[in-house]
Amino acid sequence: MITEMRADPPAQHDTANDPTCRFCRAVLRHTFVDLGMSPLCQTHITREQLNHMEPFYPLRAYVCDKCFLVQLEEYVSPNDIFGEYAYFSSYSDSWVAHARKYAEMMIDRFNYGASSKVMEIASNDGYLLQHFVQRKIPVLGIEPAANVAKVAIEKGIPTTVQFFGKMTAGAIAKEHGRADLLLGNNVLAHVPDLNDFVAGMKVLLKPRGVITMEFPHLLRLMESNQFDTIYHEHFSYFSFFSVEKIFAAHGITLFDVDELETHGGSLRIYGRHAEDDGKTVTERVTELREREISKGFTRLETYSTFTEQVKETKRKLLEFLIAVKRAGKSIAGYGAPGKGNTLLNYCGIRQDFLDYTVDRNPYKQGKYTPGTHIPICHPDKIKETKPDYLFILPWNLKHEVMEQNAFIRDWGGQFVVPIPEVKVFP
Ligand SMILES: [Zn+2]
């Protein structure tokens with residue numbers, strides 16, 4: 001404030017250091033939630049790295065008081081996160097099934113055929129586009145991680161290795177033509193330059209084309225205390241209200257929306273050129289927009305209550321864990337997902353509470369959770385050690401995990417789910 005009183009013009013860095021909204025550029029003044037310092041969620045560490053320093057970054061989400069976009073600052077370059085990505089979508093059966101259902105629904109609704117072109121941004125290993133290829137519909141994948149794209153190409157899914165934006169969209173349109181269907185699932189939240197990305201979609205879409213995007217819904221995140229889905233790789237958290245504004249600013253009208261159960265509650269939006277009057281805006285769009293407004297998503301106070309909700313979730317969880325340890329019981333973790341990293345670091349849960357965790361992904365076995373250094377073991381360890389409680393970190397998969405590990409009940413073991421609030425399943 002003092003600098004503003006000076007006769008000289010304020011130095012450039014005064015404002016340059018203030019974070020600004022990645023959509024509307026307003027200065028971010030309001031914290032949505034501050035989860036302290038946290039390491040990157042995919043940096044599982046090896047035994048050799050245990051004695052080394054680990055980079056921690058602030059995990060603080062803001063809400064913009066102009067457009068109500070909830071967002072993180074960009075601490076890490078997307079190249080560092082996504083250049084070589086260890087996540088292959090095809091490893092998840094339920095996700096591939098979700099993709100197949102989507103492809104069939106879209107082909108039925110919009111009559112795609114041999115003369116159409118379907119393009120997917122962040123197409124991963126081709127888990128989704130393969131369903132269009134099977135129906136002889138021409139496709140193009142756009143994927144930044146070369147190692148993942150290679151797998152798609154080997155499966156016969158044409159894929160170009162690029163980060164998506166306005167410039168690459170222009171180049172792709174020149175080389176491959178524009179898209180009848182342009183889609184992206186769980187990519188929008190990971191985009192640092194949101195405006196450039198959405199502007200690119202406008203460029204790559206045919207005049208009568210359709211865009212669909214899926215991403216976690218902020219309304220569900222807040223209602224179900226899903227603060228652990230906030231991590232550094234995840235830059236933006238969208239309400240329908242905020243995402244509609246962003247697309248409208250780039251000449252794209254959202255004409256339909258589905259509410260999905262994936263990832264704890266997601267939205268699938270349907271976009272078209274604002275100039276394309278062939279598709280009328282459905283009642284679902286109006287209803288959801290009004291529902292969010294009535295729930296307070298256009299008022300700052302609504303967002304400021306989340307911090308206290310998160311703190312209370314942490315206190316309840318720690319009370320439970322402390323009581324269990326005082327009673328002399330043992331707890332093992334299940335899973336080492338990104339969201340587990342936020343939860344463990346924010347709540348300060350280390351081996352003082354969880355003896356170890358297990359993961360089916362061989363890439364993670366033998367390593368340690370980032371920051372909290374809990375050993376990640378093969379799932380067989382559960383049978384060997386017979387823990388009293390199995391603490392499920394990927395709570396969105398709790399039914400699947402409880403089914404696969406029902407045998408813990410043989411020794412009186414019980415399941416614990418931390419979100420929306422700590423709950424025991426005997
Ligand atoms: Zn904004």
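## A helix lying across a sheet

Let's start with helix α8, residues 194-204, which lies across β4 (118-121), β5 (139-143), β7 (179-185), β8 (205-216), β10 and β11. The direction of α8 runs at about 145° to that of β8. Keep in mind as you look around that this is a predicted model.

Helix α10 (residues 240-249) packs on the sheet too, touching β8, β10 and β11. Compare directions here and you'll find that α10 makes about 150° with β10.

## The seven-stranded sheet

Now for the sheet itself. It is an open sheet of 7 strands with mixed pairing, and the order to trace is β6-β5-β4-β7-β8-β11-β10. The strands at its edges are β6 (159-161) and β10 (252-260). Each of them has a single partner strand, so one side of each is left without a neighbour in the sheet. On average, neighbouring strands here are turned by 20° against each other, if you ignore direction.

What does β10 pair with? Its partner is β11 (residues 266-273), and the two run antiparallel, joined by 8 bridges. To see the pairing up close, find Glu 259, which stands opposite Leu 267 in β11.

## The six-stranded sheet

There's another open sheet to explore, made of 6 strands in the order β14-β13-β12-β15-β16-β17, again with mixed pairing. Here β14 (376-377) and β17 stand at the edges. Since each has a single partner strand, one side of each is left without a neighbour in the sheet.

Helix α13 (residues 306-326) packs on this sheet, where it touches β12 (331-334), β15 (389-392), β16 and β17. The angle between the directions of α13 and β15 is about 160°. As for β16 and β17, they pair in the antiparallel sense over 3 bridges, and Phe 415 stands opposite Phe 425 in β17.

The loop between β16 (414-417) and β17 (423-425) is worth a stop, as Pro 420 sits there. The peptide bond leading from Ile 419 to Pro 420 is cis, with omega near 5°.

## An enclosed helix

Is helix α14 (residues 338-347) enclosed or open? Count its residues: 10 of the 10 are buried, so α14 is largely enclosed by the rest of the structure. Among these buried residues are Lys 339, Asn 341, Leu 343 and Tyr 346.

What surrounds them? The buried residues of α14 pack against β1, β2 (57-63), α13 and β15. Right after the helix comes Gly 348, with a positive phi near 70°.

## A buried charge

Next, head to the loop between α9 (218-223) and β9 (236-237), where you'll find Glu 233. This residue is buried yet has no salt bridge. Which side chain of opposite charge is nearest to Glu 233? That would be Lys 364, and it is 11 Å away.

Glu 233 does have a polar atom in its side chain that lies 3.4 Å from the backbone nitrogen of Cys 41.

## Two positive phi angles

Finally, check out two loop residues with positive phi values, neither of them glycine. Arg 25 belongs to the loop between α2 (12-16) and β1 (30-38), and its phi is near 70°. At 48% relative accessibility, Arg 25 counts as partly exposed.

Asn 186 is in the loop between β7 and α8, with phi near 55°. Is Asn 186 buried or partly exposed? Its relative accessible area is 21%, and buried means under 20%, so Asn 186 counts as partly exposed.

Notes
Residues numbered from 1 in each chain as written. Predicted model: local features only at pLDDT ≥ 70, side-chain atom pairs only at ≥ 80, totals over all residues. Heavy atoms only, no water. Helix = DSSP H or I, 4+ residues; strand = E, 2+ residues; numbered from the N terminus. Buried < 20%, exposed > 50% of the residue type's maximum accessible area, 1.4 Å probe, protein only. Lys, Arg positive; Asp, Glu negative; His and termini not counted. Salt bridge = Lys/Arg side-chain N within 4 Å of Asp/Glu carboxyl O. Polar contact = N/O pair within 3.5 Å; in protein donor to acceptor, adjacent residues only side chain to side chain. Pairing = 2+ DSSP bridges. Axes fitted to C-alpha atoms, helices over the stretch in contact; angles between N-to-C directions. Contact = heavy atoms within 4.5 Å.
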